[in-house]
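Take a moment to look over the chain from end to end. The paragraphs below then lead through it step by step.

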Amino acid sequence: MSSLGGCSGGGGGILGPALRELAAQHSIVRILPLDVENSASIQETFVSVEDQLQGLGLNLLINNAGRIIPHSFLSESEESMHQLYQTHVAGILKMSQMFLPLLKKAAQMGPQDSLSCNRAAIINISSAVGSITEIYGWHFGHVLSYCCSKAALNMLTRCQGLFLKEEGILCAAIHPGWVQTDMGNSGSLKASLKKEESVQGMLKVLSSLSGKNSGYFFDWEGKELCW
Ligand SMILES: NC(=O)c1ccc[n+]([C@@H]2O[C@H](COP(=O)([O-])OP(=O)(O)OC[C@H]3O[C@@H](n4cnc5c(N)ncnc54)[C@H](OP(=O)(O)O)[C@@H]3O)[C@@H](O)[C@H]2O)c1
């Protein structure tokens, strides 16, 4: 099974030692640079992935790239609205369009009777703060550019789910929980969930998704979230 996930290089950050250690321990893990806000970078990554797959398809594309530009309700800027729409929506759309031929190939080569992450899937890492119904986290801060762009990512996921069902490709948006990452710990309140717990939970959810879940929004424990 082949999967492409995670992200690195967006903000020009350095590769984490944990990621390098993982790749050193498991030769099956390959690290490729990628900036989802840059079409040329996406194209280069696509060429590398296609080359490494040697004629096979891509089973799983996890769009994990994300960032927050801190602002208050009143200081939110047009510039950060544009930037985060680029990261969370336009960049993810471009990723999905570019990798579609490889996902379709995996879908055609896999079992034809149902949709699953084992066959072919796009998983968009969203956030519960993008839920228009619940507006989770409103009491902790009003980061409009982040919330609005994640709400738009949810809509993109819904549309992808509808469109790509015919191609045998499952799509879902996942909220990873409030996780102890650089982002999760960046506010005044510290995140509660360990990275391992979030990832283990999400992997369990991914393995349970099927055609009836395609285009929907779940949290790391498998609970369906409202749009
Ligand atoms: N942590 C939480 O509590 C939480 C809650 C809800 C949702 N999420 C979502 O979970 C995902 C992962 O976030 P995290 O918590 O792991 O945050 P993080 O620690 O800040 O990591 C974000 C990652 O995204 C990458 N990235 C940013 N812009 C990119 C771009 N243009 N192209 C490629 N990569 C880019 C960063 O790479 P560089 O360092 O190289 O820039 C970094 O590896 C995000 O989509 C986030 O919105 C997180």
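From the N terminus on, the elements run β-α-α-β-α-β-α-β-α-β. That gives the chain 5 helices and 5 strands. The model is a predicted one. Its mean pLDDT is 92, and 96% of the residues reach 70 or more. Residues 7–12 are a weak spot in confidence, with pLDDT below 50. In the model this stretch still has 18 contacts beyond near neighbours in sequence.

Next comes the overall form. The C-alpha trace spans about 50 × 35 × 35 Å along its principal axes. Does the radius of gyration agree with that of a compact globule, or disagree? For 227 residues, a compact globule would have a radius near 17 Å, and the chain has 17 Å, so the two agree. Of the 227 residues, 36% count as buried. Contacts also reach far along the sequence. Among contacts with a separation of 6 or more, 71% join residues 24 or more positions apart.

Now turn to the sheet. The sheet is open and has 5 strands, in the order β1-β2-β3-β4-β5, with parallel pairing. Its edge strands are β1 (3–4) and β5 (216–219), and each of them pairs on one side only. Helix α3, residues 78–109, packs on this sheet and touches β2 and β3. The direction of α3 makes about 175° with that of β2. In general, strands of a sheet pair through backbone hydrogen bonds, either parallel or antiparallel. Here, β3 and β4 (residues 170–175) pair in the parallel sense over 5 bridges. One pair of bridge partners is A121 and L170, the latter in β4.

Helix α2 offers a check on geometry. It has 15 residues, and at 1.5 Å a residue they should span 21 Å. The end C-alpha atoms of α2 are 21 Å apart, so the helix agrees with the expected span.

What follows α2? The next residue is Q54, and its phi is positive, near 50°. Most residues other than glycine have a negative phi. Q54 is not a glycine, yet its phi is positive. Q54 is found in the loop between α2 (39–53) and β2 (60–63). Is Q54 buried or exposed? A residue counts as exposed if 12 or fewer other C-beta atoms lie within 10 Å of its own. Q54 has 6 such atoms within 10 Å, and therefore it is exposed.

I135 also has a positive phi, near 35°, and is a residue other than glycine. I135 lies in the loop between β3 (121–125) and α4 (144–164). How many C-beta neighbours does I135 have inside 10 Å? There are 14, so I135 counts as partly exposed.

Finally, look towards the end of the chain. G222 has its place in the segment after β5. G222 has 15 C-beta neighbours inside 10 Å, so it counts as partly exposed. Which residues does G222 touch, leaving aside those up to four places away in sequence? They are V205 and S208. S198 is 24 residues from G222 along the chain, and the C-alpha atoms of S198 and G222 are separated by 11 Å.

Key
Residues are numbered from 1 along each chain as its sequence is written. This is a predicted model: local features need pLDDT of at least 70, side-chain atom pairs count only at pLDDT 80 or more; totals for chains, interfaces and linings use all residues. Helices (H or I, at least four residues) and strands (E, at least two) are DSSP runs, numbered from the N terminus. The radius of gyration is taken over C-alpha atoms; the globule rule is 2.2 Å times the number of residues to the power 0.38. A residue is buried if 20 or more other C-beta atoms lie within 10 Å of its own, exposed if 12 or fewer, and partly exposed in between; C-beta atoms are placed from the backbone. Two residues are in contact if their C-beta atoms, placed from the backbone, lie within 7 Å. pLDDT is the predictor's confidence in each residue, from 0 to 100. Two strands pair if DSSP finds at least two bridges between them. Axes are lines fitted to C-alpha atoms, for helices over the stretch in contact, and angles run from 0 to 180 degrees between N-to-C directions. The expected span of a helix is 1.5 Å times one less than its number of residues.
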